[in-house]
Amino acid sequence: MTWQWKLGRFAGIDVYIHATFLLIIAFVAWSHWAQGAARVVDGILFVLAIFACVVAHEYGHALTARKFGIKTRDITLYPIGGVARLERMPDSPIQELWVALAGPAVNVVIAAGLFAWLLFANTLRPLGELTVTAGPFLERLLVTNLFLVGFNLIPAFPMDGGRVLRALLAMRLEYTRATSIAAG
């Protein structure tokens, strides 16, 4: 486990952050530097909020796998996302389907909660006014969570969408054939 640091242990699962994650923090700080310290802090907080959502996403996978008797070795955050390392694959395609869908489902719940809050507070702005760096913090986080759902469900193996595809195929085909099709 070189190049990573332990953030903590939650629900019996160690959470690590890879050293390269600091590159994102440095890039965000550098790209906001000319706009002042407040923008630097906002940018860094936004990245940290996104990765808190990524950790929740990975816990969705890990805790669903636990329901099927599968332990999670650890969760590691990388600049491109997170990885929950399961000790083994689920026993059946339906279990793999639930484990694969659990992560994106967490992002849907986060987005729905943020939408409800923004609607209740009457602070929703038109999407055209939002960018990654401009607009209300919580609304940007809502849109980012929706993006995470869409991105993760692209049917490209080994991403969540590819695992969903493999699970669905494995309900009708041999597991190795389903994996070959999903990976292709």
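The largest pocket of this predicted model encloses about 1,200 Å³ of space. Its lining is made up of 47 residues, and those that lie nearest the centre of the pocket are Val-54, Ile-80, Gly-81, Gly-82 and Leu-148. Two or more lining residues are given by each of the helices α1 (21-32), α2 (37-67), α3 (93-121), α4 (137-152) and α5 (160-170), as well as by the strand β4 (81-86). Among these elements, α2 provides the largest share of the lining, with 12 residues. When the lining of the largest pocket is divided by residue class, 27 of its residues are nonpolar, 12 are polar and eight are charged.

Two of the elements that contribute to this lining, α1 and α2, also pack against each other, their axes lying 8 Å apart and forming an angle of about 150°. Because angles over 145 degrees count as roughly antiparallel, α1 is described as roughly antiparallel to α2. The crossing by which α1 passes α2 is right-handed.

On the α1 side, the contact between the two helices involves Phe-21, Ile-24, Ile-25, Val-28, Ala-29 and His-32, which meet Arg-39, Val-40, Gly-43, Ile-44, Val-47, Leu-48 and Phe-51 on the α2 side. In terms of residue class, this contact of α1 with α2 comprises 10 nonpolar residues, together with two polar residues and one charged residue.

Technical notes:
Residues are numbered from 1 along each chain as its sequence is written. This is a predicted model: local features need pLDDT of at least 70, side-chain atom pairs count only at pLDDT 80 or more; totals for chains, interfaces and linings use all residues. Side-chain values use heavy atoms; hydrogens and water are left out. On a 1 Å grid over the protein atoms alone, a cavity is a set of points where a 1.4 Å probe fits but cannot get out, and a pocket is an open set with protein on both sides within 12 Å along at least five of seven lines; lining residues have an atom within 4 Å of a point. Grid points are joined across faces, edges and corners, and a volume is the space filled by probe spheres set on the points. Helices (H or I, at least four residues) and strands (E, at least two) are DSSP runs, numbered from the N terminus. Ala, Val, Leu, Ile, Met, Phe, Trp, Tyr, Cys and Pro count as nonpolar, Asp, Glu, Lys and Arg as charged, and the others, Gly among them, as polar. Axes are lines fitted to C-alpha atoms, for helices over the stretch in contact, and angles run from 0 to 180 degrees between N-to-C directions. Angles under 35 degrees count as roughly parallel, over 145 as roughly antiparallel, 65 to 115 as roughly perpendicular and the rest as oblique. A crossing is left-handed if the near helix is turned anticlockwise from the far one by less than a right angle, and right-handed if clockwise. Contact means heavy atoms within 4.5 Å.
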